Amino acid sequence: MADSNQGLRKPVFTKVDQLRPGTSGHTLTVKVVNAKIVLQKGRPDGPQPRQMRLAECLVGDETGLIIFTARNDQVDLLKDGTTVVLRNAKIDMFKGSMRLAVDKWGRVEVTEPASFTVKEDNNLSLIEYELVNVVE
């Protein structure tokens, strides 16, 4: 049996302005500023009729904003003005810019409204990154 000290660790909360390309394992508390569905298609022909939904949500905290890509059931949780905790979130790159995402190993939880105001003039998804190969 594992030692009782090796149980769950306390999460270390990250701020939006600390996010960097290619990183993962972030836990953030963010407010949803804007949410819009960008893809919604169903597959009624399969054995289980399931729908694929994709939404791009502008989320942020007191340090900045970033676009969060919500998939399927996550779309229902992310409504304008709600405060959510993103656990084990990762940074995906899309057309050279950062997007925040939570895959099957992470979790999206709606929490009580946060007291902070979102800093809307620091959108990290507007910064374009370029992959550079360094030869040693």
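**Exercise 1. Determine how many bridges join β4 to strand β5, and in which sense the two strands run.**

Solution. In this predicted model, strand β5 covers residues 97-101 and is joined to β4 by 5 bridges, the two strands running antiparallel. To place one of the pairs, take Lys90, whose bridge partner in β5 is Ala101. The next step is to look at the turn: the hairpin of β4 and β5 has 2 residues between the strands, and in this hairpin Lys95 takes a positive phi near 55 degrees.

**Exercise 2. Find the residue in β6 that stands opposite Val84.**

Solution. Begin with the strands themselves, since β4 spans residues 83-94 and β6 spans residues 107-111, and the two pair in the antiparallel sense over 5 bridges. Within β6, the residue that stands opposite Val84 is Val110. For the wider setting, the chain has 1 helix and 6 strands, and reading along the sequence gives the pattern β-β-β-α-β-β-β.

**Exercise 3. Identify which residues of the largest nonpolar core touch the most other members.**

Solution. The core holds 22 residues, and those that touch the most other members are Leu19, Ile66, Phe68, Leu86 and Leu100. Sorting the core by element, two or more residues come from each of β1, β2 (50-61), β3 (64-71), β4 and β5, with β4 giving the largest share, 4 residues. Now follow Ile66 outward: leaving aside residues up to four places away in sequence, its contacts include Val16, Leu19, Leu58, Ile91, Met98, Leu100 and Leu124. For the chain as a whole, 33% of the 136 residues count as buried, and of the contacts with a separation of 6 or more, 61% are between residues 24 or more positions apart.

**Exercise 4. Decide whether Gly22 is buried or exposed, and state how far Gly22 lies from Asp92 in space.**

Solution. Gly22 is found in the segment before β1 (24-43). Because its relative accessible area is 67%, and exposed means over 50%, Gly22 is classed as exposed. Turning to the distance, Gly22 and Asp92 are 70 residues apart in sequence, whereas their C-alpha atoms are 6.8 Å apart in space.

**Exercise 5. State which residues line the largest pocket, and divide the lining into nonpolar, polar and charged residues.**

Solution. The lining consists of Arg9, Lys10, Pro11, Val12, Gly25, Thr27 and Asn88. These residues divide into 2 nonpolar, 3 polar and 2 charged, where Gly is counted among the polar residues. The space in this largest pocket comes to about 210 Å³.

Conventions:
Residues are numbered from 1 along each chain as its sequence is written. This is a predicted model: local features need pLDDT of at least 70, side-chain atom pairs count only at pLDDT 80 or more; totals for chains, interfaces and linings use all residues. Side-chain values use heavy atoms; hydrogens and water are left out. Two strands pair if DSSP finds at least two bridges between them. On a 1 Å grid over the protein atoms alone, a cavity is a set of points where a 1.4 Å probe fits but cannot get out, and a pocket is an open set with protein on both sides within 12 Å along at least five of seven lines; lining residues have an atom within 4 Å of a point. Grid points are joined across faces, edges and corners, and a volume is the space filled by probe spheres set on the points. Buried means under 20% relative accessible area, exposed over 50%, partly exposed in between (1.4 Å probe, protein chains only). A nonpolar core is a set of buried Ala, Val, Leu, Ile, Met, Phe, Trp, Tyr and Cys residues joined through side-chain atoms within 4.5 Å. Contact means heavy atoms within 4.5 Å.
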